[in-house]
Amino acid sequence: MAELKDIIIPNELKYTNTHEWIRVDNDIGIIGITDYAQRELSDIVYVELPEVNKVVNQGDVLGTIEAVKAVSDFYSPVSGTVMEVNSELKSAPELVNKEPYVKGWMVKIKITNPQELDSLLNAEQYRKTISG
């Protein structure tokens, strides 16, 4: 496993206990899985994304990530409507491994309950979560 000090945890993002991140841009949340999560999963071979216009509640399963050694669900950090999915991941799921916070984003959601963001972890809290 990677050393904790090598894990990238951007300070401007919010995090979940289930290893998703969200970047908020006005009322749109851009969501993916963390560097820690992609390292734990190892080589990602397929990402199943939700349908555009799907309405989700905080904590709902958004999709599935298939890696060589495991299959894992990923969850919505907030309630809202799926506005866009990263279609590049269909042909290049390895982007999640290479750039989890940039090209490896998974979905964009129009946030319907911004107060839910207050229940998410900041970078320091997330770092403590993964360090045990």
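Visitor: What makes the contact of R39 with D35 a salt bridge?

Guide: In this predicted model, the closest N and O atoms of R39 and D35 are 3.1 Å apart. The cut-off is 4 Å between a side-chain nitrogen of Lys or Arg and a carboxyl oxygen of Asp or Glu, so the pair, at 3.1 Å, qualifies. R39 and D35 both belong to helix 1 (residues 35-41) and are 4 residues apart, about one turn of the helix.

Visitor: Why is D35 called buried?

Guide: D35 has a relative accessible area of 4%. Buried means under 20%, so D35 is buried.

Visitor: And R39, why is it called partly exposed?

Guide: Its relative accessibility is 32%. Partly exposed lies between the 20% and 50% limits, so R39 is placed in that class.

Visitor: How many salt bridges are counted by this rule?

Guide: The count comes to 5. Another of them joins the side chains of D6 and K5, at 3.6 Å from N to O. K5 counts as exposed because its 69% relative accessibility is over 50%. D6, at 38%, is partly exposed.

Visitor: What makes E84 and K108 a salt bridge?

Guide: The closest N and O atoms of E84 and K108 are 3.7 Å apart, and the limit is 4 Å; therefore the pair counts. This pair links distant parts of the chain, with E84 in strand 8 (residues 80-85) and K108 in strand 9, 24 residues apart. E84 is partly exposed at 35%, and K108 is partly exposed at 23%.

Visitor: How do you know that strand 8 and strand 9 pair?

Guide: The two strands share 5 bridges, in the antiparallel sense. Pairing requires at least two bridges, so strand 8 and strand 9 meet the rule. In strand 9, I111 stands opposite G80.

Visitor: How many bridges join strand 3 and strand 9?

Guide: There are 4 bridges, again antiparallel. G29 stands opposite I109 in strand 9.

Visitor: What makes the side chains of strand 9 alternate?

Guide: V107, I109 and I111 point to one face and are buried. K108 and K110 point to the other face and are not buried.

Visitor: Why is W105 called buried?

Guide: W105 has a relative accessible area of 14%, and the limit for buried is under 20%, so the term applies. W105 lies in the loop between helix 3 (95-98) and strand 9 (107-111).

Visitor: Which residues is W105 in contact with, leaving aside its neighbours within four places in sequence?

Guide: They are W21, I30, I31, E84, V85, N86, L89 and P100. E84 is also the salt-bridge partner of K108.

Visitor: What is notable about the phi of H19?

Guide: H19 has a positive phi, about 75 degrees, and is not a glycine. Most residues other than glycine have a negative phi. H19 is in the loop between strand 1 (14-15) and strand 2 (20-25). At 22% relative accessibility, H19 counts as partly exposed, since buried would need a value under 20%.

Visitor: And what is the phi of N26?

Guide: N26 has a positive phi of about 60 degrees and is likewise not a glycine. N26 sits in the loop between strand 2 and strand 3 (28-33).

Visitor: Why is N26 called exposed?

Guide: Exposed means over 50%; N26 has 72% relative accessibility, and therefore counts as exposed.

Terms used:
Residues are numbered from 1 along each chain as its sequence is written. This is a predicted model: local features need pLDDT of at least 70, side-chain atom pairs count only at pLDDT 80 or more; totals for chains, interfaces and linings use all residues. Side-chain values use heavy atoms; hydrogens and water are left out. Buried means under 20% relative accessible area, exposed over 50%, partly exposed in between (1.4 Å probe, protein chains only). Contact means heavy atoms within 4.5 Å.
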